[in-house]
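Student: Could you take me through one helix of this protein and what surrounds it? I would like a close look at that single part.

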Amino acid sequence: MARLTDPLTPEAPPGGGWTALIDDIVAGRWTNPETGQIARVPYESIVFADSLDGREADLVRPLGLGSRYAVVADAATYDAMGGRVARALRPLGPVAAVVLDRPHADMAGVADLREKLAGFDAVVAVGSGTINDLCKYVTGLDGRRYCVFATAASMNGYTSTTASMTLESGLKVSLASHAPAGFFVDLAVSAAAPRHLAAAGFGDCLVRSVAQIDWWMSHRLLGSVYSRVPYIIQDDDERELNRRAAALGRGDVAAVGYLVRVLTLCGLGVSFTGTSNHGSMGEHQVSHYIDCFAGPRHPGSLHGQQVGVAALTLARLQQRMLAEDRPPVVRPTRIDAADMARRMGGPAAATCLDLFRRKAFDAAGADAFNARLEALWPALRRELAAFTIPVDAMTRLLADAGGPTTAAGLGVPPDFYREAVLHCREMRDRFSFLDIAADAGLLEAFVAGEG
Ligand SMILES: [Zn+2]
């Protein structure tokens, strides 16, 4: 079980400063314990400090991004930090502010920003989720480099090499892109951001235990590739962060510092494994389903808020199933293509069907899986207990951080939330406890108690 009750040590920031360990990884001084090789990651500069006021030009100059600067923000992030960054960069060359009006990370948003950034060779994003995804994706298309000043600790996508985008079909996907050359966090700015943003970032971190349980289970039962490295690098910081959940809800700068560390290390984990599995399994599928198919039923909530609530659902499901002495028994997967098309629309359903079929059990597959589950169940229960945080403790942490803990708290109608939990597995080929529960005929009864 995770240690939640140790005394609050060490003092913040950790020995070596806010970017201890991160500095070693970025500078190529850290050896991957699984491969014995020096780790290589595609970043030049990652800097967090209690304040970066006055240091902006010194951080950006060595990146050599170009000579004509565009500082990209939305109205809120321009006020929070964008205006200050634009003024501070003037010694480096002409600087234009590109302030986007309620931007969306979709293909129309990409086309719009591509046009606005024509003629600028140096792109500096100031914002969080949408601003970073748009700048990352647009610069990745033509090989321009960019850097980002974070304005909120709301998600772990800053250091990932993928961009989260909504396609014409309505499907939200992770598209291959590139890493920012520089990632800069003024902790005082992030701590002053609206509290629900840090609570969302905390939700994205809280998924660790349920994602690790799904991923390890998939590795043991189906032989999927698994890596310990993403967990090794963030384990200590996750404990420090969880001890500060309530302080995070109060906008405490040190708590935000640990949150940014965990978000950053989680993103760096993708560089080592090439996948996001360590922090994105069944619980992220629930969120994807909500984002893609809620339509007018839900005006939208932040990614981290959704995955925080969904992590509690997955924890309840996993912990209930793992409490049983006997393993569940799966049957061949039932695929209802017509129902998927009705719920998702034709083009999205076609894409999802393809992914769903990759992990669906036929009769022989179900028999083989049951045999393996029967043989491994006692060992698997023991192994997964080491990754588990009891669901009551997870719920308390998320509430302390200021995040919603129920579908109603998210503003998602409970009946649609139940649909999302029941059907989200159709969207991805990653195998989770949702798949076992569904194929064992247990998921419908489980979701009746959710939402
Ligand atoms: Zn996430």
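Tutor: Happy to! Two residues are in contact if their C-beta atoms, placed from the backbone, lie within 7 Å. This is a predicted model, in which local features need pLDDT (the predictor's confidence in each residue, from 0 to 100) of at least 70, side-chain atom pairs count only at pLDDT 80 or more, and totals for chains, interfaces and linings use all residues. Residues are numbered from 1 along each chain as its sequence is written. The protein averages a pLDDT of 94.

Let's look at helix α11, residues 253–273; helices here are DSSP runs of H or I with at least four residues, and strands are E runs of at least two, numbered from the N terminus. Its end C-alpha atoms are 31 Å apart, which agrees with the 30 Å expected at 1.5 Å a residue, taking 1.5 Å times one less than the number of residues. Of its 21 residues, 17 are buried, meaning 20 or more other C-beta atoms lie within 10 Å of the residue's own (exposed is 12 or fewer, partly exposed in between). Just after α11, Gly 274 has a positive phi of about 75°.

On the loop between β5 (146–150) and β6 (162–166) sits Ser 160, which touches Gly 267 and Val 270, leaving aside residues up to four places away in sequence. The C-alpha atoms of Ser 160 and Leu 268 are 6.6 Å apart, although 108 residues separate them along the chain. Ser 160 is itself buried, with 24 other C-beta atoms within 10 Å.
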